[in-house]
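Subject: Structure for your review

Dear colleague,

Please find below the sequence and structure that I am handing over to you. My findings follow.

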Amino acid sequence: MERFDVVIIGAGAAGMFCAAQAGQAGCRVLLIDNGKKPGRKILMSGGGRCNFTNLYIDPAAYLSRNPHFCKSALARYGQWDFIGLVDRYGIAWHEKTLGQLFCDDSAQQIVDMLVAECEKGGVTMRLRSEVLSVGRDDDGFALALNGASVGAKKLVIASGGLSMPGLGASPFGYKIAEQFGLKVLPTRAGLVPFTLHKPLLEALQALAGVSVPAVITAADGTRFRENLLFTHRGLSGPAVLQISSYWQPGEFVSINLLPDSDLAAFLNEQRGAHPNQSLKNTLAMQLPKRLVERLQQLGQIPDVSLKQLNPREQQALVATLTEWRVQPNGTEGYRTAEVTLGGVDTDELSSRTMEARRVPGLYFIGEVMDVTGWLGGYNFQWAWSSAWACAQDLAESK
């Protein structure tokens, strides 16, 4: 049996970064993955340009049953540390919106950088390797792979969550945690589009492709201000993806379609200047024409001129457009979700090292645990930060 200091399962963002850091610190590392190539999720992220971190990383942007867990790792290896690595490789990047950083060219540059870092650390990478079983032995851990057996003093699980099964996502990491007696919290899709109940969906399908700035508020009061996109299946866009992580089945969300406008004041002003102008044309100055026409067809906007719009109707209209209550039917699920909420309970892990408190030598990093960030580079930063924290302990314990 070939033995290593560390075996890392999962050649994604967290796994590759941890392998590189541990290898460069002198550990003999084996990195294994069941896919044909490393970093599959990295390659398709950010429209192929990889939103690799965010300028405004903050622990408050992470969901976890223990909101304090992420603080240590994020403080010790932050966004500027990773940006420094990207800069050293000469990878050009730009800020898109809200601090989101993307490669100017391609996500492949981030994967190539991580592979190069692994090579610097002498990491052995084995792709198309399926883990058939994991057990303890006198020297740590023993793994049966398809075609080989390997052993290691330390085992790191960086297998990700359930989102995007087409990229190889599986419950592997949760099963390993449960095998060793660790608690796994219920999982669900996060950063995912909403589906709608049939009557509303049929009414809005004609708007597929229409995008508007919006503020969306969840039942718990959490709100996000970004674009909302109507789709053939329901609602999407950054605002919807963000709020989906805070939404629970059966709850309503409140949508303000005019976050930059005092609609009542605008209508009063227009009425004074153009009393005979139709309400529909007036609203089309603030909202996409297709949206206004559809809402009028649905009876949400009266077919009247401004001077015909009475105070009660105006009040109802303002409520319709700024406090639109929608009860999603559900979400599109893991197929299109960017992340998985829930996972290995952080109470089982050290926030400093990511090691399981009750299973010495077993570590969990990245998406597999119950730490989920906002849209916009936050989850990649958690991958880098948790991997770095883990690698420091691997190096120290060696």
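**The annotated insert**

Across residues 188-339, helix accounts for 34% of the chain and strand for 22%, and the C-alpha atoms at the two ends are 9 Å apart. An unreviewed UniProt entry lists these residues as "domain: RsdA/BaiN/AoA(So)-like insert". Please bear in mind throughout that this is a predicted model.

**The protein as a whole**

The protein has 398 residues, and 55% of them are buried. Its secondary structure consists of 13 helices and 21 strands. The C-alpha trace spans about 85 × 40 × 35 Å along its principal axes. Among contacts with a separation of 6 or more, 73% join residues that are 24 or more positions apart.

**The nonpolar cores**

In soluble globular proteins, nonpolar side chains tend to be buried together. The largest nonpolar core in this model has 87 residues, and the members that touch the most others are Val7, Ile110, Leu143, Leu362 and Trp382. Helix 13 gives the most to this core, namely eleven residues. A second core, separate from this one, has 42 residues, including Leu63, Tyr246, Leu283 and Leu291.

Val7 deserves a closer look. Setting aside residues up to four places away in sequence, Val7 touches Leu30, Ile32, Leu143, Val150, Gly151, Ala152, Lys154, Leu155 and Val156.

**Helix 1 against helix 13**

Helix 13 (residues 378-397) also meets helix 1 (residues 13-24): their axes come within 8 Å and cross at roughly 30 degrees. The crossing is right-handed. On the side of helix 1, the contact is made by Ala13, Ala14, Phe17, Cys18, Gln21 and Ala22. Helix 13 contributes Phe380, Ala383, Trp384, Ala387, Trp388, Cys390, Ala391, Gln392 and Leu394. Sorted by class, this contact has 13 nonpolar residues, two polar residues and no charged residues.

**Three buried residues**

I would also draw your attention to three individual positions.

Thr340 belongs to strand 19 (residues 339-344). Is Thr340 buried or exposed? Thr340 counts as buried because its relative accessibility is 0%, and the cut-off for buried is under 20%. Apart from neighbours within four places in sequence, Thr340 is in contact with Gly161, Leu162, Ser163, Tyr174, Thr187, Arg188, Tyr334, Glu367 and Thr372.

Phe364 is part of strand 20 (residues 362-364). Its relative accessibility is 0%, so Phe364 counts as buried. Which residues is Phe364 in contact with, leaving aside its neighbours within four places in sequence? They are Ile157, Gly173, Ala177, Leu182, Val344, Leu349, Met354 and Met369. Phe364 and Leu155 are 209 residues apart in sequence, while their C-alpha atoms are 8.7 Å apart in space.

Leu279 is found in helix 10 (residues 279-283). Leu279 also counts as buried, because its relative accessibility is 0%. Not counting residues up to four places away in sequence, Leu279 touches Leu267, Ile301, Pro302, Val304, Ser305, Leu306, Leu309 and Leu317. From Leu279 to Ala395 there are 116 residues along the chain, and the C-alpha atoms of these two residues are separated by 68 Å.

With kind regards

Technical notes
Residues numbered from 1 in each chain as written. Predicted model: local features only at pLDDT ≥ 70, side-chain atom pairs only at ≥ 80, totals over all residues. Heavy atoms only, no water. Axes fitted to C-alpha atoms, helices over the stretch in contact; angles between N-to-C directions. Helix = DSSP H or I, 4+ residues; strand = E, 2+ residues; numbered from the N terminus. Left-handed = near helix turned anticlockwise from the far one by under 90°. Contact = heavy atoms within 4.5 Å. Nonpolar A, V, L, I, M, F, W, Y, C, P; charged D, E, K, R; others polar. UniProt positions renumbered as here; feature names shortened; annotations may be inferred. Core = buried A, V, L, I, M, F, W, Y, C linked by side-chain atoms within 4.5 Å. Buried < 20%, exposed > 50% of the residue type's maximum accessible area, 1.4 Å probe, protein only.
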